[in-house]
Amino acid sequence: MTVPTPVTAVDADPSAITDRLTGQVVAVSDQLLATLRATGAHVMTDDAVRADAARDWWPLAIGWAAEGTVPQRPAVVVTPTSTEQVSAVLAACHAAVVPVTPIAGRSGVCGGSIPVFGGVALDLTGLDGLVAVDEISLTADVRAGMFGPDLEVALGEIGAGYTLGHWPQSMDLSTVGGWLACRGAGQYSTRYGKIEDMVIGLEVVLADGRIVHTEGHGPRAATGPNLTQLFVGSEGTLGVITEARFRIHPLPPAQERRAFGFASFAAGLDACRNILRRGATPAVLRLYDQTESGRNFDQPDTNVLIVLDETDPALLAATISVIDDECTSAAGAQPLDVALVERWLGHRNDVSALAPLWRAGVVVDTAEMSGPWAALPGLFEEVVGSLKAIEGTLAASAHQSHAYTDGACLYFTFAGRGPEGDAAWREQYYRQAWDTVTNATMAHGAAISHHHGIGLNRSRFLPQALGTGFDVLAGLKQTFDPAGILNPGKFGLPSPFGQSPWT
């Protein structure tokens, strides 16, 4: 079993750590504690465990850790090892009206697993393992707490070898349930799809402890609304995912790589659009602006496009032919050394610079969104220009990471520095940068998140982003979780425990 990479350590003794988000905190009574222990789940209340469960990889929380604080500690951490234990824990918390925040690898970067109102942190890493594989139908049943590397190793050892094809940057520290909870995407998504394209059925425990199963009985169905997709992306606010059925693929027998440089980011976007328009879906199709091309590839005078695909040799040859045709015919484009792809592969999951930058007083984060091709060139120019205009900005850049026939995902990276030791300035700058990216995204008719999800950081934007659909979401929350115990303080939804302290 994978041991998750710890979230950046807090610069304080566990007993001296304080909570940054000072909202209403719900304690766990001795009676409830006894009930939780009686479920058979592992129950922990020591300071170090609670402090570790108080945060994820939200960059702002990493900055707070350098100051000896965490966002918010739970009163108790409960680790079940079966769906039945999850059911019993939720039923007890529902009856006591105590908040429950599902956690696992805590690789999220938006604060989605922060227990805003204390209560119970439900650690799902005990739900580990590959349950079953149907090699004929190419499906796999997987428990929600299984980590990504363990899943790929297990699938690779069956028969001739299989893969889910989901390779997020957080692969080493993220779990199946986390991928589903935030509608995640892997770096090979243009070939294999996002997680919502891979999942065909779920096992979910509702707030009152009821266990439900959704779909999964065939490749497609017309049995009313797709309840699977209702829970995918709900970030633990509607139910707790405990198991999933996925589509899997035979391990790819062949691979090809390419790299090109473009005179402008817009020209590179056009080439990507044309590749997808012709039906080619290479696993990796990533375009970097000049700033990021210099930073990542030592190519500061061009906009680097890296390409990698893996599939059947006949399909691969056709895909690469389309890519070569579109990229070599683009005005001002030039082929680059394919070693750039290997360079990306070697560093693609490296986030080691994040914590040192925050500790040095540099505010840094990435904000991803998705939008139609027609909107992306203008959105790129507006967001990067607006970020650079914020006082204190050191750098602003972008890259395109996931492409579709109708649009793509853009990642915006920003970094800023203010007066030394001024924590208030850092938070103000962070909010302003996120407001800049998100408001421009909505103004261009694009989606405010492609795969990182909403969490705590984006909750203040969701009512506007969903419009009148937000009332539908609030109604679903009331139906599935009438006591409001599941991951409260997220999505901008009403909570019986008060207003979220980060709005």
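**Exercise 1. Find which residue in E8 stands opposite Val133, and describe the hairpin that E7 and E8 form.**

Step 1. Val133 and Ala140 of E8 stand opposite each other. Keep in mind that you are looking at a predicted model.

Step 2. Now widen the view to the two strands: E7 covers residues 130-134 and E8 covers residues 139-143, and four bridges join them in the antiparallel sense.

Step 3. Four residues lie between E7 and E8 in this hairpin, and Leu138 in the turn has a positive phi of about 60°.

**Exercise 2. Work out the strand order of the open sheet of seven strands, and say which helices lie across or pack on it.**

Step 1. Read the order as E17-E14-E16-E15-E19-E20-E18, with antiparallel pairing.

Step 2. Look for strands that pair on one side only: these edge strands are E17 (334-335) and E18 (362-372).

Step 3. Zoom in on E15 (residues 284-288) and E19 (residues 393-403), which share two bridges. Here Tyr288 stands opposite His399 of E19.

Step 4. Add the helices. H15 (residues 376-389) touches E18, E19 and E20, and its direction makes about 5° with that of E20. H10 (residues 265-277) lies across E14, E15, E16, E19 and E20, at about 165° to E15.

**Exercise 3. Identify the residues with the most contacts inside the largest nonpolar core.**

Step 1. This core has 91 residues, and the two to pick out are Leu36 and Phe412.

Step 2. Ask which element gives the largest share: helix H16 (residues 423-443), with seven residues.

Step 3. Check the surroundings of Leu36: its contacts include Val28, Val43, Val89 and Cys93.

Step 4. Finally, find the second, separate core of 41 residues, with Trp179 and Ile248 among them.

Methods:
Residues numbered from 1 in each chain as written. Predicted model: local features only at pLDDT ≥ 70, side-chain atom pairs only at ≥ 80, totals over all residues. Heavy atoms only, no water. Pairing = 2+ DSSP bridges. Contact = heavy atoms within 4.5 Å. Axes fitted to C-alpha atoms, helices over the stretch in contact; angles between N-to-C directions. Core = buried A, V, L, I, M, F, W, Y, C linked by side-chain atoms within 4.5 Å. Buried < 20%, exposed > 50% of the residue type's maximum accessible area, 1.4 Å probe, protein only. Lists of a residue's contacts leave out its neighbours within four places in sequence.
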